[in-house]
Amino acid sequence: MIKMAFIPARYAATRFPYKLMQPLGDKTVIRHTYDNTVATGLFDEVIVVTDHEIIYNEITNNGGKAVMSVHEHDSGSDRIAEAAMNIEVDVIVNVQGDEPFIERKALEELLHVFEGEAGKDVQAASLYKLITDPDSINNPNVVKLVTDIYHDALYFSRNPIPFLREATGELQYKEHIGIYAFRKKILLQFTKWPSTLLEKAEKLEQLRYLEHGVKIKMVETNASFVKIDVPEDLPKAEQYLAGLKPQ
């Protein structure tokens, strides 16, 4: 099974423009993400897919592999699909460019669901963590999800889901970690579907899969994640890099 990691890298991000080129220690954010993904040793190849020559040069001038997108894309999956179209690969992992401290454990757990007899039926998979910070439940930048008893996603939302009509203490909220794995065929199919109503409403591309009946296998992980989504996240990442727990 040929496994490749693609890192979609948009230069002018909406909530934090140019965040992937922000300095973090002695490297930029995108270089940390690329180098740590390569260092896992899990992939036959790791490729940054970008819309800007500044990011392209940042990777290639430091010995990495990057490609430029030909077209404009609304989602990371669309960007990756264009790059992967003519590449021989079985499973594609979408590593977000703003995850500079991505760990081997999380990616290994994700890839594992594609193995064996049961894995033959898995077309798409992603990660989640149980939410321990109550403030995250109502934070729209923290995507929540609900799953069925087989660990397939039922829905993703920026709102708190499920709604607790009565606080029983038995239910825990789940945070979606935006790292995906796909079989190449279903990823290419994704690009042929127009954006769906729920996808547009929530601004969550994974809803396009669910609205077309594609199951997303969800994998719980305890790995650490320090995502840089807004400017306020960068000091936390600097603390993490220095070996301190973000406050």
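Select helix H3 (residues 76–84) and helix H7 (residues 184–192) in this predicted model. On the H3 side, the residues to show are Ser 77, Asp 78, Ile 80, Ala 81 and Ala 84; they meet Lys 184, Leu 187, Leu 188, Phe 190 and Thr 191 of H7. Colour this contact by residue class and the split is six nonpolar, two polar and two charged.

Now hide the side chains and look at the two helices alone. The axes of H3 and H7 come within 9 Å and cross at roughly 120°. An angle over 145 degrees would count as roughly antiparallel and one from 65 to 115 as roughly perpendicular, so H3 is oblique to H7. The crossing of these two helices is left-handed.

Keep H3 on screen and turn to the second largest pocket, which has a volume of about 150 Å³. Which helix gives the most to its lining? Helix H3 does, with three residues. To see the whole lining, select these residues:

- Glu 72, His 73, Asp 74 and Asp 78, which are among the lining residues
- Ala 81, Glu 82 and Met 85, also part of the lining
- Thr 191, Trp 193, Ser 195 and Arg 208, which line the pocket as well

Coloured by class, the lining shows three nonpolar, three polar and five charged residues. Asp 78 and Ala 81 of H3 and Thr 191 of H7 were already on screen as part of the helix contact, and these three residues also line the pocket.

Next, select helix H1 (residues 29–39) and helix H2 (residues 53–60). Their axes are 10 Å apart and the packing angle is about 45°. That angle makes H1 oblique to H2. The crossing is right-handed. Show Ile 30, Arg 31 and Tyr 34 on H1, then Ile 55, Glu 58 and Ile 59 on H2, to see the residues that make the contact. Four of the contact residues are nonpolar, none is polar and two are charged.

Two backbone details remain. Go to the loop between strand S1 (3–9) and strand S2 (23–24) and pick Tyr 18. What is notable about phi of Tyr 18? Its value is near 65°, which is positive in a residue other than glycine.

Finally, move to the loop between strand S9 (153–157) and strand S10 (174–183), where Pro 162 is found. Select Ile 161 along with Pro 162 and display the backbone atoms of the pair. Is the peptide bond from Ile 161 to Pro 162 cis or trans? The bond is cis, with omega near -5°.

Key. Residues are numbered from 1 along each chain as its sequence is written. This is a predicted model: local features need pLDDT of at least 70, side-chain atom pairs count only at pLDDT 80 or more; totals for chains, interfaces and linings use all residues. Side-chain values use heavy atoms; hydrogens and water are left out. Axes are lines fitted to C-alpha atoms, for helices over the stretch in contact, and angles run from 0 to 180 degrees between N-to-C directions. Helices (H or I, at least four residues) and strands (E, at least two) are DSSP runs, numbered from the N terminus. Angles under 35 degrees count as roughly parallel, over 145 as roughly antiparallel, 65 to 115 as roughly perpendicular and the rest as oblique. A crossing is left-handed if the near helix is turned anticlockwise from the far one by less than a right angle, and right-handed if clockwise. Contact means heavy atoms within 4.5 Å. Ala, Val, Leu, Ile, Met, Phe, Trp, Tyr, Cys and Pro count as nonpolar, Asp, Glu, Lys and Arg as charged, and the others, Gly among them, as polar. On a 1 Å grid over the protein atoms alone, a cavity is a set of points where a 1.4 Å probe fits but cannot get out, and a pocket is an open set with protein on both sides within 12 Å along at least five of seven lines; lining residues have an atom within 4 Å of a point. Grid points are joined across faces, edges and corners, and a volume is the space filled by probe spheres set on the points.
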